[in-house]
Amino acid sequence: MVLAFALVTPSPALAAPPPYYPPIDYVPASRANYDVGRSAAITTIVIHETDGTWLSATNWFQNRNSRVSAHYLVRAWDGGIMQFVAEGDTAFHARAANPWSIGIEHEYSARYGIPHTNAQYRSSALLVCAIARRYGIPTDRAHIVGHNELRGSDHSDPGPTWNWSYYMSLVNACSWQRAQPVARAALRTVANQGYVPSAGLEFDNASDEVLLLQWDLAYLGFIDSDEVAGGGSRYGPLTEEAVTKFQQSHVLPPTGSYDDVTASALVQAVLAAPSDMPVTDLEMEAESDDVTKLQTALQQLGYMDTVTGYYGELTLDAVTSFQQDNGIYATGTYGAITRMALAARTHPTVAREAVVEEFEMRVGFVAFSILPY
């Protein structure tokens with residue numbers, strides 16, 4: 001009898017959570033609004049909007065007649081996190097996806113003037129990173145999805161005010177997948193060309209090298225900067241398409257893979273459209289003209305008010321904020337990835353014009369060389 005009781009009793013929602021989880025308040029949902037246990041492995045995190053206040057959502061989850069719940073709710077004004085259902089139990093939030101997903105509600109209501117806030121985005125991103133780390137869930141848009149993106153869903157949340165690019169940049173910054181390669185090894189780049197990644201990148205790779213490649217391509221105009229910022233450093237279809245377009249523009253085999261020939265062409269393309277961003281790495285207590293250039297770019301983008309030439313706390317905070325907003329692991333130091341992201345953000349059209357001109361010259365040369373005379 002004791003064993004049978006243990007099998008049907010819901011597990012405590014916060015039983016020994018890993019230490020890397022953010023602070024969470026436990027507010028139990030009605031036992032009628034979730035199933036104990038799981039019938040499938042957790043593979044997906046579903047983002048919801050409440051279309052009401054956090055208090056109304058709390059009351060709804062605790063109402064045994066609602067037959068609705070979510071694992072978590074993130075408040076708008078301060079980013080406070082409340083947990084209603086244990087992750088090991090099945091909340092009623094996404095119908096057919098319930099068995100293999102974790103649902104996170106976000107307080108939002110246009111009617112009551114409750115917007116999504118920076119505190120809410122950041123708190124939710126920390127929660128998602130912790131969940132992803134716990135279950136080995138990839139931190140990309142294939143595994144972090146909106147309620148409206150699920151197959152067969154008739155819901156429209158999260159709506160157009162939910163900023164996916166910004167949110168995924170925050171997730172990418174705190175992701176366990178991003179932290180591991182950074183701690184494991186330095187960024188691998190072409191010899192003497194620290195702004196271009198080493199060759200050998202292919203579809204489905206996820207690494208700092210992929211992110212550097214993406215920002216190089218964004219600087220050259222082959223992929224949208226916002227897509228890079230929210231892409232999770234994964235070599236997916238957009239990156240493959242951008243590499244293919246770049247290869248075609250340089251009369252290379254359009255394989256979509258980043259090989260040695262493509263890497264060499266990328267070096268030449270970036271050299272042909274030089275950025276005025278510093279090429280040397282910078283960190284705290286540096287003082288030079290390069291720091292002035294970095295600060296000027298950050299000021300242009302609204303991250304700094306003053307330019308001093310000294311890399312102090314203000315510059316560290318500005319670089320960190322820029323990195324968080326652009327899907328870069330937030331170290332606060334200035335390196336190759338941050339350089340190319342700043343170059344793409346401050347001069348989004350200059351490089352593209354240079355590439356188009358180079359492409360026209362190459363195509364003209366090829367056309368001339370195959371004429372019968």
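I looked up how α10 and α11 are set to each other in this predicted model, with helices taken as DSSP runs of H or I of at least four residues, strands as E runs of at least two, both numbered from the N terminus. Their axes come within 11 Å and cross at roughly 55 degrees; axes are lines fitted to C-alpha atoms over the stretch in contact, with angles from 0 to 180 degrees between N-to-C directions. α10 and α11 are therefore oblique, the class left over when angles under 35 degrees are roughly parallel, over 145 roughly antiparallel and 65 to 115 roughly perpendicular.

I then listed the contact (heavy atoms within 4.5 Å). L294, Q295 and L298 of α10 meet T315, A318, V319 and F322 of α11. Of these residues, 5 are nonpolar, 2 polar and none charged.

Next I turned to the largest nonpolar core, which has 51 residues. Such a core joins buried Ala, Val, Leu, Ile, Met, Phe, Trp, Tyr and Cys through side-chain atoms within 4.5 Å, buried being under 20% relative accessible area with a 1.4 Å probe, protein chains only. W215, L294 and Y311 have the most contacts inside this core. Elements giving it two or more residues include β10 (193-197), α10 (289-300) and α11 (313-325); α6 gives the most, with 8 residues.

Beyond four places in sequence, W215 is in contact with residues including S225, V228, I337 and M340. Another core, of 27 residues, lies apart and includes V74 and I144.

I note that residues are numbered from 1 along each chain as its sequence is written. Local features need pLDDT of at least 70, side-chain atom pairs 80 or more, while totals for chains, interfaces and linings use all residues, and side-chain values use heavy atoms without hydrogens or water.

Technical notes
Buried means under 20% relative accessible area, exposed over 50%, partly exposed in between (1.4 Å probe, protein chains only). Ala, Val, Leu, Ile, Met, Phe, Trp, Tyr, Cys and Pro count as nonpolar, Asp, Glu, Lys and Arg as charged, and the others, Gly among them, as polar.
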